[in-house]
Number of protein chains: 2
Amino acid sequence: MKLTSSQEEYLKTIYLLEKNKQKVRVTDIAQKMNITKPSVNKALRILKDLKLINYEVYGNIELTKEGRQNAKEIIKKQDTLEIFLIGILEIEKKQAEEEAKAIKHAMSKESIEKLDNYITKILDLGDLKCGYDKNNEKCRSCIKITARERLKKAKDSEIKI
Amino acid sequence: MKLTSSQEEYLKTIYLLEKNKQKVRVTDIAQKMNITKPSVNKALRILKDLKLINYEVYGNIELTKEGRQNAKEIIKKQDTLEIFLIGILEIEKKQAEEEAKAIKHAMSKESIEKLDNYITKILDLGDLKCGYDKNNEKCRSCIKITARERLKKAKDSEIKI
DNA sequence: TGTTTTTGTTAGCCTTCGCTAACATTTTAA
DNA sequence: TTAAAATGTTAGCGAAGGCTAACAAAAACA
């Protein structure tokens, strides 16, 4: 069953909130996604119908097994894209996150898998010790090092929820 | 002025049709985009209001200077993404085209520029003659060669409009 | 425990962008 | 030159996914 881009965002948000809180609230979701509570309410009913969350009026909100499965996949997509955009393409963090968020819905699981493998390959190339100067921008070792540094830098500046 | 994903598709389609025909018709656009004529009609009115096309009832359809500018940028985005997906990630052509089409709206001009530069860099790495065997999948020369071959293959199988 | 604040819901509206049905215009060709 | 075919338009519907206004329920607290 194919979810909409919006539905994916809801699942992702609920998953991340579940990790940090006992109970996920409509208000939390609305705040995190920067939309109104009635919009969240409407979306939750649909996600419930799709059996992706458990939810009753004025009751608890929690992902079902299937919902969690979906959420994980969505988050993996976004993470992989962010790593590529920040670490390889050197796009500034905030911009990269925004773009990754918008792109992820358009990419299949298989394509993300390929991107993931590619990133690993590029990051590992340095291990081959090509012998070029570290300052040569085409040197694979240098590519590796700068990519890792960029990722570390981006990760360090993270603000916890 | 930020266009919607759908509007970008219309501009792209009109641009490509203009290159192959004297006159662009509602029917042509509908057929190419696989939607109905009334949908096209509605969209054309909006594009006209946005001054991206010249268009009168029962009259000719043509891109304005600004519309053409936009169309070119959109096509560049899609092309760059396709090259990356097909040539570097080795995603199958049809799938890659579909994904590139959906992704392009989410990426800024600047990010596409970076992706384009990255692709060029990767394709050029082979020129450094790293010395590894051609059959080593981590060899930069090999990466270059296989990527170029994949692109050529994908291009050759193109069906003209 | 009763009142205020916070949280959640309902109803109904708007925009985007598809669609069908019905009709108008233009083009083609007999 | 007029009838048929092709093309284009109008009107109005529907789904998705936002929104506000108004109200209901729950929680906090005095």
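**Notebook: DNA strand D and the α1/α3 pair of chain B**

I began with the surface near DNA strand D: α3(B) gives the most to it, with 5 residues. I note that this is a predicted model.

I then listed the residues around strand D. There are 21, and T4(A), K42(A), T27(B), N41(B) and R45(B) come nearest. I sorted the surface near strand D by class and got 9 nonpolar, 7 polar and 5 charged residues.

Next I asked which part of strand D lies within 4 Å of the protein. Sugar or phosphate accounts for 62% of those atoms, and bases for the rest.

I looked up polar pairs. In chain B, a polar backbone atom of Y58(B) is 2.9 Å from a phosphate oxygen of strand D. The backbone of V26(B) also places a polar atom 3.3 Å from a phosphate oxygen. In chain A, Y58(A) uses a polar side-chain atom, 3.3 Å from a sugar or linking oxygen of strand D.

I checked which elements give two or more residues to this surface. They are α1 (5-20) and α3 (37-49) of chain A, and α2 (26-33) and α3 (37-49) of chain B.

I turned to how α3(B) sits against α1(B), residues 5-20. Their axes come within 11 Å and cross at roughly 95°. Angles of 65 to 115 degrees count as roughly perpendicular, so I log α1(B) and α3(B) as roughly perpendicular to each other.

I listed the contact residues. α1(B) supplies Q7(B), Y10(B), L11(B) and I14(B). α3(B) supplies S39(B), V40(B), A43(B), L44(B), I46(B) and L47(B). By class, this contact has 8 nonpolar, 2 polar and no charged residues.

Conventions:
Residues numbered from 1 in each chain as written. Chains lettered and ligands numbered in written order. Predicted model: local features only at pLDDT ≥ 70, side-chain atom pairs only at ≥ 80, totals over all residues. Heavy atoms only, no water. Near = heavy atom within 4 Å. Polar contact = N/O pair within 3.5 Å; in protein donor to acceptor, adjacent residues only side chain to side chain. Helix = DSSP H or I, 4+ residues; strand = E, 2+ residues; numbered from the N terminus. Nonpolar A, V, L, I, M, F, W, Y, C, P; charged D, E, K, R; others polar. Axes fitted to C-alpha atoms, helices over the stretch in contact; angles between N-to-C directions. Parallel < 35°, antiparallel > 145°, perpendicular 65-115°, else oblique. Contact = heavy atoms within 4.5 Å.
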